[in-house]
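Subject: The structure we talked about

Hi there,

Here is the structure for you to look through. Please open it beside this email and find each residue as you read.

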Amino acid sequence: MRDFYGTTLANGLMLGTAQYPSPAILADAFARSTASVATVSLRRESGRNRGGQDFWKLVQGLGVHILPNTAGCHSVKEAVTTAHMAREVFDTKWIKLEVIGEEDTLQPDVFGLVEAARILSEDGFQVFPYTTEDLVVADKLLQAGCEVLMPWGAPIGSGLGLNNLFGLRAMRAHFPDVPLVIDAGLGLPSQAAQAMEMGFDAVLLNTAVAKAGDPAAMAAAFAMAVSAGQLAHTADPMEPRDMAAPSTPVIGKAFLE
Amino acid sequence: MGRITIIGAGVAGLCAARALLDRGADVRVVDRNAALGPQACSWWAGGMLAPFCEGESAEEPVVRLGQEAADWWAAKTSAVHRCGTLVISPARDRADLTRFARRTQAFREVDVDEISLLEPDLAGRFAKGLFFESEAHLAPRAALTQLRAGLVADGAVFEVADANPDKFAQRGLTIDCRGFQARDRIANLRGVKGEMLILSCPEVALNRPIRMLHPRVPLYIVPRGDGLFMVGATMIEGGHSRRITARSLLEMLSAAYALHPAFGEAEVIEIGVDSRPAFPDNVPRISRRGNLIRANGLYRHGFLLAPAMARMVAELVCDDKTPEIFHETAA
C-alpha cells in the first residue's frame, strides 16, 4: 500500500460513518469491512458545544484511523473553521476537505477547494481534498500542499460508479506517484473493484453500505471487492484486444472435413 | 407486593404506571415537574403509531412490539386516529420510494388518483405513494394528559421531587423511567437530538401523517387538528444543543413547502428541541439490579414502544417473567 502522509494503511477501503440505522449496525459494518479509515463529519454546532462526545467515542472505539470531514461546507471560511474544530476534537492533522459548489450535484467548488487546501496545509493540516478528475485542479492542489487527491467517481450518494473512466485513467497516469482515492459515487462492490484494478490506491464510500438493507453484509462485499481489485492490479492484467486470441493452440488440430 | 415507585412521568413512566396499576399494584409516580411540559421528550413526540414504516430502518422488535401500540392507546385514551400513513417522495427521489417499499410490509401502492382520494389537498401533486392502512397516530399531549387523569382516578399517587432512584430503591421496588436524564447511570445510553415544529396552516387539511422521503432529510408531517401540523423530526447524533439550527429549520420548512405550497404561509407556533435516549441498537432495554428496574432507550419510538415496554415491566414485576429486551449487564 502507498502511504498517506507517512501512514501506511492495511488496505484501500475507507468507510463513512453517517446514515447507518443505528450505532450497533455501524460497528458491525466496520467489523465486517475491515476498513482501515473511518470518515466522520463534524457538525459545527456539535464542535462548538463539545457535544457529540458519545458518538465520537463510538467512532474512535472502532480502532481505525479517523479522517474528519468538512462535509456540507459551502465556503472556504466554513471549511477552515470546521477543520480546526475537527483537529481539536479528534486530535489528528488529517482532514478530508469538502467545499461544495453546487447543491444538486454536490460537486466541489474547485476554486474554493484550492484556496482552503492552501490555508490548511500552511497551518499544518494533512489535507485529503475531495475534487474532480480535472488535471489542472489536481496540479493546483498539489502545489497548495496536498499530498493525496480524492477524485470523485460520481456525485455524492448517487451510486453511479466511475462516471468518467477516461478522465480517471488519465489522472492515474498523470500522477503516478500521488496517492489517489476514489471518493463518492460508488454504489456497488464491482465499481470499487474496478477503481482498484485501475490502480487507484483506495476507495471511500458511505451511502452504498449505510443504506444497504444489510449494511454489514454489504461492507463485507466491498472489502472483498477492494482486495480483489487491488490484487488484480498488482497481478498486471492482460491488455484487451479486438480479435479473439485462442487460449489453446490451434496448430496441430485435426482437420475434420 | 408493596408500593411501587416510578420515577419519571413521561410516556415511559406513565405507561409503566398504567400497566402496573392494571395488574393491581399500588403505584406512586415521582417527577421533578408537577405537570407534563416542554422539559419532557414526550412533549415533542410526533405521536405516529407506525410500526411498519419504522421497519424501514429499525430492528425487528420495533416492528413487532410496535403493533401493540394503537390498540393500547385506543383503550386508554380517546386520542388515537386510525387513518394509516401515506409515504410519498418528490419525483426526482423515486428511487427512495422503491427502496422504502422493498424494506417494509403491510402497505399498498397508490397512484395519483388514489392519493387524491385519500388526501384531497394533495390531489395531482404526487404520482406515486405507499399507503400503510393499518397504522395510526395520536395527539401526544392529549394522550398523556388523559393517561395521567385515568391513573389519578384509579388511585395512583403523583409526587413532585427531583428523585434519586437509588434512594427510592432502598425503601422499595423502584422503576427508573427517566429517559435521557438517567444517562449518567446507564452505560451506552446516548442522546440523539431531535428538532420539530408546530405550524398553523388552516388552508391545508390532511387526514393522516405524511412521510416525505428524501435522501438526506426524510421528514413527516402529522395533522393535529384545528389547522395545526407537527413537522419533524431531525435525528442528529451528538447534537446536545437545546436550540434548533438554521439548517434544520430550513429543511423542515422546505419539506412542508414541497408537500404543499400553502405551508409557505403557515405560522410557526412552536419549535421543539430535545434529546432522545437511545442504546447502540436503538432498541429499548429493561434492566434490574436488586430493587431497581430501569426501562429506557425508547429513542424515536416513545409512544410506539412504551406500551410493550410497560407490559414487559409489569410481567417482570408481577410474574417474574424475563423481558425479551432484558439486559443483565446494564447497571
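Below is what I found, going through chain A and then chain B. Please keep in mind that this is a predicted model.

**The annotated lysine in chain A**

A good place to begin is A:K96, which carries the UniProt annotation "active site", taken from an unreviewed entry. Where does A:K96 sit in the fold? Look for strand β6 of chain A, residues 94–97. Is A:K96 buried or exposed? Its relative accessibility is 5%, and buried means under 20%, so A:K96 counts as buried. If you set aside the neighbours within four places in sequence, A:K96 is in contact with residues including A:L67, A:P68, A:N69 and A:T70. Also among its contacts are A:F128, A:Y130, A:M150, A:D183 and A:L204.

**The annotated binding site**

UniProt also gives a "binding site" feature, again from an unreviewed entry, at A:G157, A:A184, A:G185, A:N206 and A:T207. These positions span 51 residues in sequence, yet no two of their C-alpha atoms are more than 9.2 Å apart, so they gather at one spot.

Two of these residues are worth a visit. A:A184 lies in the loop that runs between β9 (181–183) and α8 of chain A. With a relative accessible area of 9%, A:A184 is buried. Apart from neighbours within four places in sequence, A:A184 is in contact with A:Y130, A:W152, A:G153, A:A154, A:I156 and A:L204. You have met A:Y130 and A:L204 already, among the contacts of A:K96.

A:T207 is found in helix α9, residues 207–210 of chain A. Here the relative accessible area is 28%, and A:T207 is partly exposed. Not counting residues up to four places away, A:T207 touches A:Q19, A:G157 and A:A212. A:G157 is itself one of the annotated binding-site positions.

**Two helix pairs in chain A**

To describe two packed helices, one gives the angle between their axes and the distance between the axes. Try it on helix α8 (residues 189–197) and helix α10 (residues 215–234) of chain A: they pack at about 25°, with axes 7 Å apart. Angles under 35 degrees count as roughly parallel, and α8(A) and α10(A) are therefore roughly parallel to each other. The crossing is right-handed. On the α8(A) side, the residues that meet α10(A) are A:P189, A:A192, A:A193, A:M196 and A:E197. Their partners in α10(A) include A:M218, A:A221, A:F222 and A:A225.

The second pair is helix α4 (residues 76–90) and helix α5 (residues 110–122) of chain A, whose axes come within 9 Å and cross at roughly 35°. α4(A) and α5(A) also have a right-handed crossing. A:V76, A:V80, A:A83 and A:H84 of α4(A) make this contact with A:G112, A:E115, A:A116, A:I119 and A:L120 of α5(A).

**Some residues in chain B**

In chain B, start with B:R28 in strand β2, residues 26–31. At 15% relative accessibility, B:R28 counts as buried. Which residue shares a side-chain polar contact with B:R28? The partner is B:E159, at 3.4 Å. Other contacts of B:R28, beyond four places in sequence, include B:R3, B:I4, B:T5 and B:I6.

B:K128 lies in strand β7, residues 128–132, and is partly exposed at 40% relative accessibility. B:K128 and B:I88 are 40 residues apart along the chain, and their C-alpha atoms are separated by 6.6 Å. B:I88 is one of the contacts of B:K128, as are B:R94 and B:L97.

B:P323 is in the segment after α10 (302–319) of chain B. B:P323 is buried, with a relative accessible area of 7%, and touches B:I286, B:M312 and B:L316, leaving out residues up to four places away.

**Three backbone details**

- The peptide bond from B:G232 to B:A233 is cis, with omega near -25°. B:A233 lies in the loop between β14 (228–232) and β15 (236–237) of chain B.
- A:T34 is not a glycine but has a positive phi, near 50°. A:T34 lies in the loop between α1 (23–33) and β4 (37–41) of chain A.
- B:N188 has a positive phi of about 70°, and is not a glycine either. B:N188 is exposed, with a relative accessible area of 53%.

Enjoy exploring, and write back with any questions!

Best wishes

How values were computed: Residues are numbered from 1 along each chain as its sequence is written. Chains are lettered from A and ligands numbered from 1 in the order in which they are written. This is a predicted model: local features need pLDDT of at least 70, side-chain atom pairs count only at pLDDT 80 or more; totals for chains, interfaces and linings use all residues. Side-chain values use heavy atoms; hydrogens and water are left out. UniProt positions are given in the numbering used here, feature names are shortened, and annotations may be inferred rather than shown by experiment. Helices (H or I, at least four residues) and strands (E, at least two) are DSSP runs, numbered from the N terminus. Buried means under 20% relative accessible area, exposed over 50%, partly exposed in between (1.4 Å probe, protein chains only). Contact means heavy atoms within 4.5 Å. A polar contact is a pair of N or O atoms within 3.5 Å; within protein, one must be able to donate a hydrogen and the other to accept it, and residues adjacent in sequence count only if both atoms are side-chain atoms. Axes are lines fitted to C-alpha atoms, for helices over the stretch in contact, and angles run from 0 to 180 degrees between N-to-C directions. Angles under 35 degrees count as roughly parallel, over 145 as roughly antiparallel, 65 to 115 as roughly perpendicular and the rest as oblique. A crossing is left-handed if the near helix is turned anticlockwise from the far one by less than a right angle, and right-handed if clockwise.
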